[in-house]
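Biologist: I should like to learn how the features of a structural model are read, one at a time. May we begin with pockets?

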Amino acid sequence: MITNLHYIEFLQTLIRSDDSKMVIFLIGTIIAIVIDMITGWTKSIVTKTPSSDIGTRGLLKHLSLFSLLLVLGLFAIFIGNFAILAWYALVVYYWLLQFQSVLENLEAMGVDVKGFNTFIRAVHSDGEPKQENDLEKK
């Protein structure tokens, strides 16, 4: 019975710590990578441009970036609160890059992503989406 109490206390401590939140962010990163890889593979099949070189480079890129996030996360734990906060910001930025890559893959497959593109332009600009008209294109 005593070991069960220690186990429950350990789980409660783990849930309250930054370490467990960082693990959740790493799991989210893995999910983002898997979604990007699946849409990339699907795009290559739909556009009939499969390439093992592109797939290998993409996989190596994702593995190296995930490894970098993992190592930086370990350093952030040792450094302290500000470093952990910076690490969270870096992970969220990486998620946004993955989201943009998924949108590009979907667009190449013929999926209408105009609403998302408008949102991305609004985020990158001063907050207001630019209206395109025929006079500006000429």
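Modeller: The model is predicted. A pocket is described by its volume and by the residues that line it. In this case, about 370 Å³ of space lies in the largest pocket.

Biologist: How many residues line the largest pocket, and which lie nearest its centre?

Modeller: The lining consists of 17 residues, and Gly40, Trp41, Lys43, Ile54 and Gly55 are those nearest the centre. Three helices give two or more residues each to this lining: α2 (18-46), α3 (52-79) and α4 (81-108). The most comes from α2, which gives six residues.

Biologist: How do the residues of the lining divide into nonpolar, polar and charged?

Modeller: Four are nonpolar, 10 are polar and three are charged. In reading such a division, one should recall that Gly is placed among the polar residues.

Biologist: Which elements make up the chain as a whole?

Modeller: The chain has six helices and zero strands. Read from the N terminus, the order is therefore α-α-α-α-α-α. The chain has 138 residues, and 23% of them count as buried.

Biologist: What share of the contacts in the chain joins residues 24 or more positions apart?

Modeller: Among contacts with a separation of 6 or more, 67% are between residues 24 or more positions apart.

Biologist: How is the span of a helix read, and what does α3 show?

Modeller: The general idea is to compare the distance between the end C-alpha atoms with the span expected at 1.5 Å a residue. For α3, which has 28 residues, the expected span is 40 Å and the end C-alpha atoms are 40 Å apart, so the two agree. The helix α4 also has 28 residues. From its first C-alpha to its last, α4 reaches 41 Å, close to the expected 40 Å.

Biologist: What follows α3 and α4 in the chain?

Modeller: Gly80 follows α3 and has a positive phi, near 135 degrees. Gly110 follows α4, and the phi of Gly110 is likewise positive, near 100 degrees.

Biologist: Where does a residue that is not a glycine have a positive phi?

Modeller: Lys48 is such a case, with a phi of about 55 degrees. Lys48 lies in the loop between α2 and α3. Its relative accessibility is 70%, over the 50% cut-off, and Lys48 therefore counts as exposed. Ser51 lies in the loop between α2 and α3 as well. Ser51 is partly exposed because its relative accessible area is 33%, a value between the 20% and 50% cut-offs. The C-alpha atom of Ser51 is 9.4 Å from that of Trp41, and these residues are 10 apart along the chain.

Biologist: Which residues of α3 are buried?

Modeller: In α3, the buried residues are Gly58, His62, Phe66, Leu69, Gly73 and Ala76. Leu72 is also in α3, but with a relative accessibility of 33% it counts as partly exposed. Leaving aside residues up to four places away in sequence, Leu72 touches Trp87 and Leu90. The C-alpha atoms of Leu72 and Ile84 are separated by 9.1 Å, with their positions 12 residues apart along the chain taken as the separation.

Biologist: Which members of the largest nonpolar core touch the most other members?

Modeller: This core has 13 residues, and Met22, Leu69, Ala76 and Trp87 touch the most other members. The elements giving two or more residues to the core are α2, α3 and α4. The largest share, six residues, comes from α4. Ala76 touches Met22, Ala83, Ile84 and Trp87, when residues up to four places away in sequence are not counted.

Biologist: Is Asn105 in α4 buried or exposed, and why?

Modeller: Asn105 lies in α4 and counts as buried because its relative accessibility is 6%, under the 20% cut-off. Other buried residues of α4 include Ala83, Ile84, Trp87, Tyr88 and Val91. With residues up to four places away in sequence not counted, Asn105 touches Asp36, Thr39, Gly40 and Lys43. Of these, Gly40 and Lys43 are also among the lining residues nearest the centre of the largest pocket.

Key:
Residues numbered from 1 in each chain as written. Predicted model: local features only at pLDDT ≥ 70, side-chain atom pairs only at ≥ 80, totals over all residues. Heavy atoms only, no water. 1 Å grid on protein atoms, 1.4 Å probe; cavity = no way out; pocket = protein on both sides within 12 Å on 5 of 7 lines; lining within 4 Å. Points joined across faces, edges and corners; volume = space filled by probe spheres on them. Helix = DSSP H or I, 4+ residues; strand = E, 2+ residues; numbered from the N terminus. Expected span 1.5 Å × (residues − 1). Buried < 20%, exposed > 50% of the residue type's maximum accessible area, 1.4 Å probe, protein only. Core = buried A, V, L, I, M, F, W, Y, C linked by side-chain atoms within 4.5 Å. Contact = heavy atoms within 4.5 Å.
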